[in-house]
Amino acid sequence: MKSELVIRRPDGEDGYPVYRLIRNCPPLDINSCYANLLQCSHFSGTSAVAYLDGEIAGFVSGYLVPGKPDVLFIWQVAVSPDARGKGLAVKMIMDILKRDCCGHVTFLHTTITKDNQPSRSLFKKISTNLNTSIQERPFFTKETHFSGQKETEFLFEIGPFDPVGKTLPEI
């Protein structure tokens with residue numbers, strides 16, 4: 001039997017399921033449920049939720065960087081353990097890039113720690129799919145921004161790429 005996958009814009013009713021999903025995906029940073037409700041409502045145009053056979057399987061939160069309408073920042077990517085290895089994260093990000101609100105996006109940004117190999121691999125794959133490069137530099141540093149309590153977050157700047165909307169490559 002084939003599984004039914006639905007990727008769509010989230011809404012307020014997805015906030016709590018997203019909160020539970022992220023809580024079950026260590027080592028992701030857990031935001032408050034209220035923050036997830038805001039991501040699912042205020043930032044629904046630049047976020048995506050995935051349901052597999054009616055159960056939440058993934059979430060991507062993103063936003064257009066203020067003052068930079070050509071930059072989509074991906075805040076967090078969560079995929080349930082049962083849905084991993086199926087390209088779901090790439091599909092959700094590409095779904096966001098195809099939306100009208102991202103019609104001017106030519107760069108994709110995110111931050112990743114040095115030891116987060118799954119995220120590094122994900123964004124390298126996206127860069128390859130978009131036929132562009134990645135620039136990497138320290139963004140939020142361990143000592144300056146995290147008082148030594150969290151590892152440095154490196155900014156991945158993917159682009160430029162052509163904002164071709166619905167003709168972006170399928171994954």
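In the predicted model, Ser61 is located in strand 3, which spans residues 55–65. The relative accessible area of Ser61 is 1%, and the residue is therefore classed as buried, the limit being under 20%. Beyond its sequence neighbours up to four places away, Ser61 is in contact with Gln39, Thr46 and Ser47, as well as with Phe73, Ile74, Trp75 and Gln76.

Strand 3 also carries Tyr63, which takes part in an aromatic pair with a residue distant in the chain. Four aromatic pairs were identified in the structure as a whole. In one of them, Phe43 and Tyr63 adopt a tilted arrangement, with ring centres 6.3 Å apart and an angle of 55° between the planes. The two partners are separated by 20 residues, Phe43 lying in the loop between helix 2 (33–41) and strand 2 (48–52) and Tyr63 in strand 3. Phe43 has a relative accessible area of 37% and is partly exposed; Tyr63, at 26%, likewise counts as partly exposed. Together with Phe73, these two residues make up one aromatic cluster. Phe73 is also among the contacts of Ser61.

Aromatic rings are further engaged by lysine side chains. The charged end of Lys114 is placed over the ring of Phe154, at 4.6 Å from the ring centre. A corresponding arrangement is found for Lys150, whose charged end sits over the ring of Phe146 at 5.2 Å from its centre.

The largest pocket encloses a space of about 1300 Å³. Its lining comprises 44 residues, with Leu28, Val77, Thr111, Asn116 and Ser119 nearest the centre. At least two lining residues come from each of strand 3, strand 4 (68–79), helix 3 (88–97), strand 5 (107–112), helix 4 (117–129), strand 6 (134–140) and strand 7 (153–158). The greatest contribution is that of strand 4, which provides eight residues. In terms of residue class, 24 of the lining residues are nonpolar, nine are polar and eleven are charged.

The second largest pocket has a volume of about 190 Å³. It is bordered by 13 residues, of which Glu55, Ile56, Ala57, Ser80 and Asp82 are nearest the centre. Helix 1 (15–23) and strand 3 each contribute at least two residues to this lining. The lining is made up of seven nonpolar, two polar and four charged residues. Strand 3 thus supplies at least two residues to the lining of the largest pocket and at least two to that of the second largest.

Note on methods: Residues numbered from 1 in each chain as written. Predicted model: local features only at pLDDT ≥ 70, side-chain atom pairs only at ≥ 80, totals over all residues. Heavy atoms only, no water. Helix = DSSP H or I, 4+ residues; strand = E, 2+ residues; numbered from the N terminus. Buried < 20%, exposed > 50% of the residue type's maximum accessible area, 1.4 Å probe, protein only. Contact = heavy atoms within 4.5 Å. 1 Å grid on protein atoms, 1.4 Å probe; cavity = no way out; pocket = protein on both sides within 12 Å on 5 of 7 lines; lining within 4 Å. Points joined across faces, edges and corners; volume = space filled by probe spheres on them. Nonpolar A, V, L, I, M, F, W, Y, C, P; charged D, E, K, R; others polar. Phe/Tyr/Trp six-rings, centres within 6.5 Å; stacked < 30°, edge-to-face > 60°. Lys NZ or Arg CZ within 6 Å of the ring centre and 35° of its normal.
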